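These are my notebook entries on a protein chain. I set out to look up its charged pairs, its aromatic rings and its nonpolar core.

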Amino acid sequence: MTIHAIGTFEVKMNPQKPDDQVGDPSIGRMSLEKQFSGDLVGSSKGQMLAVQGTVAGSAAYVAMERFNGSLHGHSGSFALQHNGIMTRGALQLIVTVVPDSGTGELATIAGTMTIDAASEKHLYTLDYTLD
């Protein structure tokens, strides 16, 4: 049975220095720190890579983050993988719980998350299962 978790989060993104030894400097790298409230209570840390297109409003990003805290009273952690593409302002975003990344009471978690960042508060909905 799929369970729905909803709430808000605050995010801090900090640019990371380009690595002079590896990679392309046109690929931006950011650290992520989030604080979740609602059905998810806790924090996450992660990394994001992003590239802007040559047309305004076109870009893409990938990110990995690990949440630590509780979900509907179950404590533990799990990882999320983001894949976001914006084509001339139209956003497609897929956020997936990394398979078998859960720990503690969240060891068997699987699911997907949607994010609404259109308002001042970032809203999330996590549709998940715990086997």
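**Entry 1: the charged pair.** I began with Glu65, which is buried, its relative accessible area being 3%. The model I am reading is predicted. Which residue forms a salt bridge with Glu65? I found that the partner is Lys34, with the closest N and O atoms 2.8 Å apart. That distance lies within the 4 Å cut-off, so I accept the pair as a salt bridge. I then checked whether Lys34 is buried or exposed. Lys34 has a relative accessible area of 7%, which is under the 20% limit, so I list this residue as buried. I next placed both residues in the chain: Lys34 belongs to strand β2 and Glu65 to strand β4, so the pair ties together parts 31 residues apart in sequence. A search of the whole structure gave me 1 salt bridge.

**Entry 2: the aromatic rings.** How many aromatic pairs does the structure hold? I recorded 4. For Phe9 and Phe36, I noted ring centres 5.3 Å apart and planes at 35 degrees, so this pair is tilted. Phe9 sits in strand β1 and Phe36 in strand β2 (residues 28-38), and the two are 27 residues apart, so I note that the pair links distant parts of the chain. I found both Phe9 and Phe36 to be buried.

Phe36 also pairs with Phe67. Here I noted 5.4 Å from centre to centre and 85 degrees between the planes, an edge-to-face arrangement. This pair, too, links distant parts of the chain, with Phe36 in strand β2 and Phe67 in strand β4, 31 residues apart. Both of these residues, Phe36 and Phe67, are buried. Following the ring pairs further, I saw that they join Phe9, Phe36, Phe67, Phe78 and Tyr124 into a cluster.

**Entry 3: the nonpolar core.** I turned next to the largest nonpolar core, which has 16 residues. Among those with the most contacts inside this core I listed Phe36, Leu71 and Phe78. Which elements give two or more residues to the core? I wrote down β1 (3-15), β4 (59-71), β5 (74-87), β6 (90-97), β8 (109-116) and β9 (122-130). The largest share, 3 residues, comes from β9. I then recalled the general rule that nonpolar side chains tend to be buried together in soluble globular proteins.

Finally, I looked up what Leu71 touches, leaving aside residues up to four places away in sequence. My list reads Ala5, Asp39, Leu40, Leu106, Ile109, Leu126 and Tyr128.

Methods
Residues are numbered from 1 along each chain as its sequence is written. This is a predicted model: local features need pLDDT of at least 70, side-chain atom pairs count only at pLDDT 80 or more; totals for chains, interfaces and linings use all residues. Side-chain values use heavy atoms; hydrogens and water are left out. A nonpolar core is a set of buried Ala, Val, Leu, Ile, Met, Phe, Trp, Tyr and Cys residues joined through side-chain atoms within 4.5 Å. Buried means under 20% relative accessible area, exposed over 50%, partly exposed in between (1.4 Å probe, protein chains only). Helices (H or I, at least four residues) and strands (E, at least two) are DSSP runs, numbered from the N terminus. Contact means heavy atoms within 4.5 Å. Rings of Phe, Tyr and Trp (its six-membered ring) pair if their centres lie within 6.5 Å; planes under 30 degrees apart count as stacked, over 60 as edge-to-face and the rest as tilted. A salt bridge is a side-chain nitrogen of Lys or Arg within 4 Å of a carboxyl oxygen of Asp or Glu.
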